Amino acid sequence: MTYLNKINSPEDLKKLEIKKLDKLADEIREFLINSVSKTGGHLASNLGVVELTIALHYCFCCPRDKIVWDVGHQAYTHKILTGRRNEFENLRKLDGLSGFPQIKESPYDSFTTGHSSTSISAALGIAMGRDIRGESYNVVAVIGDGAMTGGLVYEAMNNVGRSNAKMLIVLNDNQMSISENVGAVSRYLNELRTAEKYIDAKSDIKRTLDKFPVVGAPLINFIGKTKEGLKYSLMPNIMFEQLGIKYIGPVDGHDIKKLVHILNKIKRINEPVLLHVITKKGKGYEPAEVQPSKFHGVGRFDVNTGNMLSSSGSTTYSEVFSKKLISVAKEDKRICGITAAMPSGTGMEAFGKEFPDRMFDVGIAEGHAVTFAAGLAKCGMIPFFAVYSTFLQRSYDQIIHDVCIQKLPVIFAIDRAGIVGDDGCTHQGIYDLTFMSSIPGMTVMAPKNRYELEAMIDFAVKLNRPVSIRYPRGAASEVFKAVNEPIEYGRAETVYKGERIALLSVGAMADSAAGVYERLLNDGYTPELINVRFVSPIDEQMTERVISSFEYVFTFEDNIHSGGFGCLFAQKAAEKGCNAKIKNFAFPDAYIDQGTRTQLFERYGMDGEGLYKKIRDIITNES
Ligand SMILES: Cc1ncc(C[n+]2csc(CCOP(=O)(O)OP(=O)(O)O)c2C)c(N)n1
């Protein structure tokens, strides 16, 4: 590593001659491939922006200048160039380097990100704040074409065009979201891309900008004029221009010299500019170039073959959901599937292959997905919106306003509920029990194992009202396989009868609850174990029975404390009058950073052993 080893800050980078930067890019790629092959992480997106990131840090002066990375999964080169190269062996690990920009991690991370399509809003806010305070620095948003399918982007551009703020939006266009990018915006960007040949032939951007080393208005006018011919011959309207944002591009995002040249010119423009950069996802590593979706987010892999090393081989909840939905949809033509740009992660891809007319990938547009589902339901369909818990946060108003007020039968298949692990605080699915169960008319269910997930899907289809079913990331549990009482609306299931101690477990906490149960049995207790099944509506009969016939009631949920099942249960118990001692176990009301699910369950005492110890202390201290 001739150059990379010497670079510990953007200042070190700036000491390199421009002709050395290509070699540096090669070294960074090699580092990324080797490092991510050992830790897992987002590879393909990062390989695609190596040159772009080098060029940005070469031209701008961070942390004074602010770069806001959209989603943030592509910020590895940024982390490498800003002094964090040596921490990559702990990438996405417990107490290690976050896989996303985090303001608490480094002054070079100007905004914490993880969810898509926020960068233009955030960058505009920073730019406007800068201006109000009379300060002077550059603000850059780097956003992918996938993220451009998110509605927030258009709200932001509506504002940017009006503000006239000095800021740069770099549109990193690799024609991919996690899967193939979808929709009319993607098609539109494709049209802009095909104009590249025209630009190269008639008015190469580099040459034209070179000819006009002037600043301010003349340069802007010139850029406007240069594009005039292109604009009206090939592209009747360039959307960004019409919104009041200067459009420059498309340019080759792997040509560092060209990027540096253009960025240095753009720095002098005192109004909003969008630079359209074309990159290749997975660039420089053949397996990732050939299969960019597979290498979007990976576990450990063999660098030579590109084969994954760490697949557990177990059936996941997403797969159980996918298979079951397909079988239900074969019988019932009203069933539709919706995904917001996550067809492979949610299991909707297989559904789409089976029923192409009934599967909709709406792009990174969770809010729209919900209102769209409401429309489908209004005309007699039964839409399943399969979505990660964390991204469903985007749709809260739509769930209330468009689905629940109208009591429409939209089914929310909430995947990655609970602790997600490596992606950290922006992605934990530990809020949905709180926000879903507080919506009037929303039925909230959580299966204890894979068989119950299947039963809940059947049950939800028959209900004809808004329903959510939440299940965790990873292997579908087999726990309590033998016990699967038929599902009754709003009724919990008693897994084991007992006395004195009642253990009330929500959904995936069944695995920890089983651990607690076994340990208490060993200690000579005979606890009752109840599978809650319905967080909303809460089982009133079970609540009354439990608080009147047990000394201790312990609730378990992989959600935050506030507003979760434990809170709802304790409130009901207080209303009814209760002598039992109730203790709720949940994750803290906090933002939980990355680690494996197992590690985080252990850290917060939510595994069988941790819960048992806390329960044992309560029982033994009081008896
Ligand atoms: C609100 C939200 N929904 C879904 C995701 C999951 N997600 C992460 S990256 C990504 C694709 C982004 O595509 P693009 O912006 O083009 O970046 P690329 O990976 O191609 O570089 C998606 C859908 C997310 N981060 N945020």
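This is a chat about the ligand site, the cysteines and some backbone details of one predicted model.

Q: Before I start clicking around, what sort of model is this, and what pLDDT do local features need?
A: It's a predicted model, where local features need pLDDT of at least 70, side-chain atom pairs count only at pLDDT 80 or more, and totals for chains, interfaces and linings use all residues. Residues are numbered from 1 along each chain as its sequence is written, and side-chain values use heavy atoms, with hydrogens and water left out.

Q: Ligand first. How many residues surround it, and which are the closest?
A: There are 22 residues around the ligand, and the closest are His73, Gly146, Met176, Lys281 and Glu366. A residue counts as near if one of its heavy atoms lies within 4 Å of the molecule.

Q: What's the mix of classes in that shell?
A: Eight nonpolar, ten polar and four charged residues. Here Ala, Val, Leu, Ile, Met, Phe, Trp, Tyr, Cys and Pro count as nonpolar, Asp, Glu, Lys and Arg as charged, and the others, Gly among them, as polar.

Q: Which domains does the shell draw from?
A: Domain 1 (4-290) and domain 2 (317-470) each give at least three residues to the shell. Those bounds come from an automatic or database domain assignment.

Q: And the polar contacts? What does His73 do?
A: A polar side-chain atom of His73 sits 2.7 Å from an oxygen atom of the ligand. Asp145 also has a polar side-chain atom by a ligand oxygen, at 3.3 Å. With Gly114 it's a backbone N or O atom, 3.0 Å from a nitrogen atom of the ligand. A polar contact means a pair of N or O atoms within 3.5 Å; within protein, one must be able to donate a hydrogen and the other to accept it, and residues adjacent in sequence count only if both atoms are side-chain atoms.

Q: How much of the ligand does the protein bury?
A: The protein buries 97% of the 580 Å² that the ligand exposes when taken alone. Accessible areas come from the Shrake-Rupley method with a 1.4 Å probe, and for residues only the protein chains shown count as cover.

Q: Thr149 caught my eye. Where is it, and is it buried or exposed?
A: Thr149 is in the loop between β2 (139-144) and α7 (151-163). Helices (H or I, at least four residues) and strands (E, at least two) are DSSP runs, numbered from the N terminus. Thr149 is buried at 15% relative accessibility; buried means under 20% relative accessible area, exposed over 50%, and partly exposed in between (1.4 Å probe, protein chains only).

Q: What does its side chain touch?
A: The Thr149 side chain reaches the backbone oxygen of Gly146 at 2.6 Å. A polar atom of that side chain is also 2.9 Å from the backbone nitrogen of Ile364.

Q: Switching to cysteines: how many disulfides?
A: Zero by the rule used here, which asks for a pair of cysteine sulfur atoms within 2.5 Å.

Q: Why is Cys379 not bonded to Cys336?
A: Because the two sulfurs are 8.1 Å apart, too far for a bond, and Cys336 has the closest cysteine sulfur to Cys379. Cys379 itself is exposed, at 58% relative accessibility.

Q: Where's the closest cysteine sulfur to Cys578?
A: In Cys567, at 15 Å, again too far for a bond. Cys578 is partly exposed, with a relative accessible area of 29%.

Q: And Cys62, buried or exposed?
A: Buried, with 6% relative accessible area. Cys62 is in the loop between α4 (50-59) and β1 (66-69). Ser9 is 53 residues away from Cys62 in sequence, yet their C-alphas are 9.4 Å apart.

Q: What kind of peptide bond joins Cys62 and Pro63?
A: A cis one, with omega about 10°. Ser536 to Pro537 is cis too, with omega near 0°, and Pro537 lies in the loop between β15 (534-536) and α24 (540-549).

Q: Why point those out?
A: Because most peptide bonds are trans, and most residues other than glycine have a negative phi.

Q: OK, so what's the phi of Arg92?
A: Positive, about 65°, although Arg92 is not a glycine. Arg92 is in the loop between α5 (76-84) and α6 (119-132) and is buried at 11% relative accessibility. Gln175 also has a positive phi of about 65°, in the loop between β3 (168-173) and α8 (184-194), and Gln175 is partly exposed at 40%.
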